[in-house]
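Here are some exercises to work through with the model open beside you. Try each task before reading its solution.

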Amino acid sequence: MQVKGLTFPIDNIGRPSYIPNIGIYDGRIMKLTRKLNFLLLVVIGSLRAASGVAACAPPPSFVDVPHPTLAAPKLLASHTEEIIVNQPLAVVLDTASRTDLKDAIHKSSSLPGVFGEYPLNDVPFGTPGARRLVCLTDGSTLEEQVLEQERNQTSSRFRYIVWNYTTKQARPIEYGIGEFRHTEMPGGRTHIVWTYSFKLKDHEFPGYLGALGRYLFRIGFLDRQYAAMMRGTLQAGKPAAEQQPSGATK
């Protein structure tokens, strides 16, 4: 059978068989579509698994080294942020202890965030001597070790050192020291003071400029991008603690 120059095959009873052919064609398309959908689901599932299951682990080039010798405080560039949380000390510290590092550290627009951590010894983190690898969202890593921890009924002090940075942004930094001081205030509130101090490398700019280099580092980076991260972290932790069952007097 021909229609305007097009030929359709004829079946055994003389009817155009293009309808069955179209049905077979549609069936093949449906099968192909199902296969493509299945492959798409497999790919999506693999990506989700990779993003959700991928764990922080030492990269092949990682070398676990002891933290640097601590320099005199006058050789460090420091910045301090503070906040008051409307909860007693015990509630604030308990909330912090149950918060993962990746959720605690505020992600800023100019600094990488944290996506995981990997213990480097058998000491529980929070205990002096505990050491861990921290993986950042830009693919870099750093090491962190607890130096001191003190706590009584009205105050707490937690001090730690960070070193062995692999991110390019930290190239001038030899190490950093963080210190949290928590003090319970009247009315069931807690005053948090977070100080971060950096020792610059003597052979890198701006560290080789001495006091001038520390000043430039502080006003150009520490008091700006890093301070914003510190403030964001404290501000994010405030509602998390204040939403807990409260014994505080507001």
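**Exercise 1.** Which residues have the most contacts inside the largest nonpolar core?

Before starting, note that this is a predicted model, where local features need pLDDT of at least 70, side-chain atom pairs count only at pLDDT 80 or more, and totals for chains, interfaces and linings use all residues. Residues are numbered from 1 along each chain as its sequence is written, and side-chain values use heavy atoms, leaving out hydrogens and water.

Step 1. A nonpolar core is a set of buried Ala, Val, Leu, Ile, Met, Phe, Trp, Tyr and Cys residues joined through side-chain atoms within 4.5 Å; buried means under 20% relative accessible area with a 1.4 Å probe, protein chains only.

Step 2. The largest such core has 32 residues, and W194, Y196, F198, F217 and Y226 have the most contacts inside it.

Step 3. Helix α4 gives the most to this core, with eight residues.

**Exercise 2.** Find what Y226 touches, leaving out residues up to four places away in sequence.

Solution. With contact meaning heavy atoms within 4.5 Å, the list is L111, Y196, F198 and F221.

**Exercise 3.** Trace the open sheet and find its edges.

Step 1. Helices (H or I, at least four residues) and strands (E, at least two) are DSSP runs, numbered from the N terminus; strands pair if DSSP finds at least two bridges between them.

Step 2. The seven strands follow the order β3-β9-β8-β7-β6-β5-β4, with antiparallel pairing.

Step 3. At the edges, β3 (77-85) and β4 (114-119) each have a single partner strand, so one side of each lacks a neighbour in the sheet.

Step 4. For β3, the antiparallel pairing with β9 (residues 189-200) runs over nine bridges, and A77 has F198 in β9 as its bridge partner.

Technical notes:
Buried means under 20% relative accessible area, exposed over 50%, partly exposed in between (1.4 Å probe, protein chains only).
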